Protein chains: 2
Amino acid sequence: MALTDDAIAKIRSMIQSGELPPGTRLPPEPQLAAQMGLSRSGVREAVKVLESARVLDVRRGDGTYVTSLAPRLLLQGLGVAVELLRDDTLLEVMEVRRMLEPMATGLAALRMTDADLDELGQILQDMRAAAGDAEKLIQFDAAFHHTVVATTGNETLTSLLDGLSGRTLRARVWRGLIEGNAAHQTIEEHHTIYLALRARDQLLAQASALLHVNTSEAWLRTVLGATSSDR
Amino acid sequence: MALTDDAIAKIRSMIQSGELPPGTRLPPEPQLAAQMGLSRSGVREAVKVLESARVLDVRRGDGTYVTSLAPRLLLQGLGVAVELLRDDTLLEVMEVRRMLEPMATGLAALRMTDADLDELGQILQDMRAAAGDAEKLIQFDAAFHHTVVATTGNETLTSLLDGLSGRTLRARVWRGLIEGNAAHQTIEEHHTIYLALRARDQLLAQASALLHVNTSEAWLRTVLGATSSDR
DNA sequence: CGCCGGCAAACGTCCGATGTCTCTATAGTG
DNA sequence: CACTATAGAGACATCGGACGTTTGCCGGCG
């Protein structure tokens with residue numbers, strides 16, 4: 001189990017050391033294989049792993065390149081990881097969001113531009129119009145929070161929170177919200193956050209975001225409780 | 001580029017759907033290949049990717065099994081991702097830690113047991129004894145923060161913060177601290193956090209953790225500034 | 001009852017061949 | 001001269017088979 005993993009480590013360390021800066025093209029697979037002392041098969045496995053981590057970008061017929069290594073890419077894996085977490089750990093994820101999202105929203109209140117606010121207002125309007133359509137609600141909900149956090153200008157923070165709010169997790173919460181006739185109330189929570197942001201009120205934005213996450217957590221608890229008692 | 005990626009998606013979705021619960025043994029590679037309609041090579045690449053994500057556990061001579069899917073495993077990849085981030089995004093990571101770590105430390109103040117406090121005290125003592133030895137300081141520093149956050153009982157939170165405080169990042173900060181003769185002061189910051197935790201004072205713990213992260217960030221800025229002006 | 005050796009199963013690695021896609025340079029055309 | 005179509009080379013995608021190594025298990029032996 002050493003050869004392929006060694007290759008992974010070697011390539012990774014070459015990138016980390018700056019020997020292979022973003023955008024660099026790697027040698028062809030056969031040459032890379034010779035260079036690292038293993039067969040082409042092993043190299044392919046190593047490259048595939050790094051490709052799945054968005055560290056390498058393999059272009060068929062062309063070559064293999066080092067990606068930009070932007071946080072948006074490297075932290076993308078967090079999302080798929082969260083999707084695989086078991087139900088009983090989803091509450092842990094919620095607890096993290098409970099800490100992070102209010103802080104991020106508060107920070108956004110300080111950094112948000114008028115254009116950002118207009119975009120948010122539009123999303124809010126879309127959300128209201130989509131009431132009843134679970135699929136769209138989930139989509140606009142994701143867009144709303146993503147937009148808010150993105151205005152902090154911190155791509156790492158944005159990617160992290162995006163990953164923590166995985167699609168499945170979000171879908172479950174909304175399922176609970178809709179079945180519990182709480183969708184309308186939740187949409188209004190977004191409005192409250194919007195108002196706080198528009199007022200550039202950091203503390204208010206923070207508080208309203210916390211309330212919102214808390215609502216989500218409560219409904220997630222309901223959904224999880226219901227499914228576990230189904231057995 | 002479809003076959004292997006399809007296989008990855010298939011296996012992942014089988015796990016997510018509960019069809020392959022933690023601990024399950026997958027069919028042998030040749031059989032899995034037939035089942036998914038591709039060669040053994042492709043299956044191996046897919047399995048390797050999921051193994052690197054700590055989703056599968058491949059035991060040579062035995063078989064391939066689904067891991068426990070614990071957050072500690074699945075979120076491990078965050079660490080290697082952070083290690084690959086470019087210098088200019090490390091400040092973004094610090095900003096996230098600035099939000100998350102104080103909250104986590106504050107929470108720890110509420111949940112910490114006497115045994116946890118004793119362990120922390122021991123680490124603090126070790127840290128003081130190691131003054132001057134950068135390697136040990138880094139190690140005890142990591143142990144200190146890990147222990148604090150671990151007492152929250154939130155494994156997801158712990159894994160996340162562990163990943164965000166990658167070894168390389170920590171090493172750089174301590175390099176700055178030592179060269180700037182600020183190591184002693186930083187050790188005392190740990191003591192301050194410890195006292196707040198011992199007093200079960202959430203707000204004080206939160207504040208002292210924020211100060212501490214801020215110090216780290218300042219020294220990271222120094223280190224980054226120095227290296228970039230080296231050119 | 002416990003230890004030990006051998007067998008079978010499964011993963012690790014390698015090799016060679018063929019398919020398919022991209023990019024590029026080149027020849028041809030208007 | 002500029003543009004376009006095309007052929008070729010280069011590179012990844014996939015396959016099939018072979019052989020080595022490790023592990024787990026089971027039966028035999030002391």
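Colleague: Which residue with a positive phi follows α1(B)?
Modeller: Bear in mind that this is a predicted model: local features need pLDDT of at least 70, side-chain atom pairs count only at pLDDT 80 or more, and totals for chains, interfaces and linings use all residues. Residues are numbered from 1 along each chain as its sequence is written, chains are lettered from A and ligands numbered from 1 in written order, and side-chain values use heavy atoms, without hydrogens and water. Helices here are DSSP runs of H or I with at least four residues, numbered from the N terminus. Just after α1(B), phi is positive, near 90°, at B:G18.

Colleague: How far does α1 of chain B reach from its first C-alpha to its last?
Modeller: It covers residues 3–16, so count 14 residues. The expected span is 1.5 Å times one less than that number, and the helix comes close to the expected 20 Å by reaching 20 Å.

Colleague: Within what arc do the buried residues of α1(B) fall?
Modeller: Buried means under 20% relative accessible area with a 1.4 Å probe, protein chains only, and B:T4, B:A7, B:I8, B:I11, B:M14 and B:I15 qualify. Take the directions from the helix axis to the C-beta atoms. These residues line one face of the helix, because their arc is 135°.

Colleague: What kind of axis relates the two copies?
Modeller: Superpose them by least squares on C-alpha atoms of residues with pLDDT of at least 70 in both. Chain B lands on chain A with an RMSD of 0.0 Å after a turn of 180° and a shift of 0.0 Å along the axis. The copies are therefore related as by a two-fold rotation axis.

Notes:
Helices (H or I, at least four residues) and strands (E, at least two) are DSSP runs, numbered from the N terminus. Buried means under 20% relative accessible area, exposed over 50%, partly exposed in between (1.4 Å probe, protein chains only).
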